[in-house]
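User: Could you take a close look at one part of this model for me, the last strand and the loop that follows, and then set that part in the context of the whole fold? A connected walk-through would be ideal.

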Amino acid sequence: MQNSTYFVGLKTDLTQKAIFFDRDGVLNREIGDYVCRIDDFEVLPDSAACIKLARDHGFLAIVITNQGGIDKGLYSAADLHSFHMKLQDACIAFGTEIDDFYHCPHHPIKGHCLCRKPDSLMIEKAAAKYKIDKSASLMIGDTFRDIEAAEKAGVRGLLIQPNSEKFRLLEEAIRQLKTETR
Ligand SMILES: [Mg+2]
Ligand SMILES: [Zn+2]
């Protein structure tokens, strides 16, 4: 009797698109070790401008970050939240904001998970929640595992050097993406 309801929701309209941002080395300074203290969390100069650029072009701005330091007991989820609020405050001061943050708290020392990049579950979850058209979206990261995670999810990758100026590269990638997926 209720069988017809089984199929409700299977056909979804993918109305949104996103720029997925890796965190360390892209939005805040990669210090070559886990960022455990708020004073070590340094927002990079053009990060807020890049978030604004993404949103001005109609993309959601979503952070996708491995934070295995939580599993290792180096910092807590509450500490992580305070780091992310520091980043969000920098964006708000610039007149923009990050739409959501996804972090994997796991570390291989405690076992395998599906969210830690180069796996793609964080991207998949965000895509499902926000009805994101992954083929019209982009992930910017500073390591190959970011790009691998993106490719597994069917999202294009933009690889940059850690802690580098990235605004123009992102601007060009967005221009290309919009041309190809129009
Ligand atoms: Mg990184
Ligand atoms: Zn995980």
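**Strand 5 and the loop after it**

Analyst: Happy to. The protein chain holds five helices and five strands, and please keep in mind that this is a predicted model. Read from the N terminus, the order of elements is β-α-β-α-β-α-β-α-β-α. The chain is as compact as a globular protein of its length, because its radius of gyration of 17 Å is close to the 16 Å that the globule rule gives for 182 residues. Along the principal axes, the C-alpha atoms fill a box of roughly 60 × 40 × 30 Å. Buried residues account for 36% of the 182 residues. If you take the contacts between residues at least 6 apart in sequence, 68% of them join residues at least 24 apart.

Now to your part. Strand 5 covers residues 156-159, and Arg156 lies in this strand. Is Arg156 buried or exposed? Arg156 has 20 other C-beta atoms within 10 Å, so it is buried; the cut-off for that class is 20 or more. Setting aside neighbours within four places in sequence, Arg156 is in contact with Leu138, Ala150 and Leu177. Of these partners, Leu138 belongs to strand 4 (138-141), while Leu177 falls within helix 5 (residues 167-180). Ser137 is 19 residues away from Arg156 along the chain, and the C-alpha atoms of the two are separated by 6.6 Å.

Ala150 also leads us to the nonpolar core, since Ala150 is one of the contacts of Ile123 as well. Beyond four places in sequence, Ile123 touches Phe20, Ile64, Ala149, Ala150, Ala153 and Val155. The largest nonpolar core counts 42 residues, and Ile19, Phe20, Phe21 and Ile123 have the most contacts inside it. In soluble globular proteins, nonpolar side chains tend to be buried together.

Moving on along the chain, we reach the loop between strand 5 and helix 5, where Pro162 has its place. Pro162 is partly exposed, as 16 other C-beta atoms lie within 10 Å. Away from its neighbours within four places in sequence, Pro162 is in contact with Gly25, Glu30 and Asp142. For a sense of distance to the core, the C-alpha atoms of Pro162 and Ile19 are separated by 18 Å, with their positions 143 residues apart along the chain.

Asn163 lies in this loop between strand 5 and helix 5 too. Its backbone deserves a glance: Asn163 has a positive phi of about 65° although it is not a glycine. With 17 C-beta neighbours inside 10 Å, Asn163 counts as partly exposed. Elsewhere, Lys131 also has a positive phi without being a glycine, at about 55°. Lys131 sits in the loop between helix 3 and strand 4, and with 12 C-beta neighbours inside 10 Å it counts as exposed.

After the loop comes helix 5, which packs against helix 1 (residues 47-56) at an angle of about 10°, with the axes 10 Å apart. That angle makes helix 1 roughly parallel to helix 5. From helix 1, Ala49, Cys50 and Leu53 meet Phe167, Leu170, Glu171 and Ile174 of helix 5. By class, this contact has six nonpolar, no polar and one charged residues.

One last backbone detail, outside your part: the peptide bond from Lys117 to Pro118 is cis, with omega near 20°. Pro118 is found in the loop between strand 3 (100-104) and helix 3 (121-130).

Note on methods:
Residues are numbered from 1 along each chain as its sequence is written. Chains are lettered from A and ligands numbered from 1 in the order in which they are written. This is a predicted model: local features need pLDDT of at least 70, side-chain atom pairs count only at pLDDT 80 or more; totals for chains, interfaces and linings use all residues. Helices (H or I, at least four residues) and strands (E, at least two) are DSSP runs, numbered from the N terminus. The radius of gyration is taken over C-alpha atoms; the globule rule is 2.2 Å times the number of residues to the power 0.38. Two residues are in contact if their C-beta atoms, placed from the backbone, lie within 7 Å. A nonpolar core is a set of buried Ala, Val, Leu, Ile, Met, Phe, Trp, Tyr and Cys residues joined through C-beta atoms within 7 Å. Axes are lines fitted to C-alpha atoms, for helices over the stretch in contact, and angles run from 0 to 180 degrees between N-to-C directions. Angles under 35 degrees count as roughly parallel, over 145 as roughly antiparallel, 65 to 115 as roughly perpendicular and the rest as oblique. Ala, Val, Leu, Ile, Met, Phe, Trp, Tyr, Cys and Pro count as nonpolar, Asp, Glu, Lys and Arg as charged, and the others, Gly among them, as polar.
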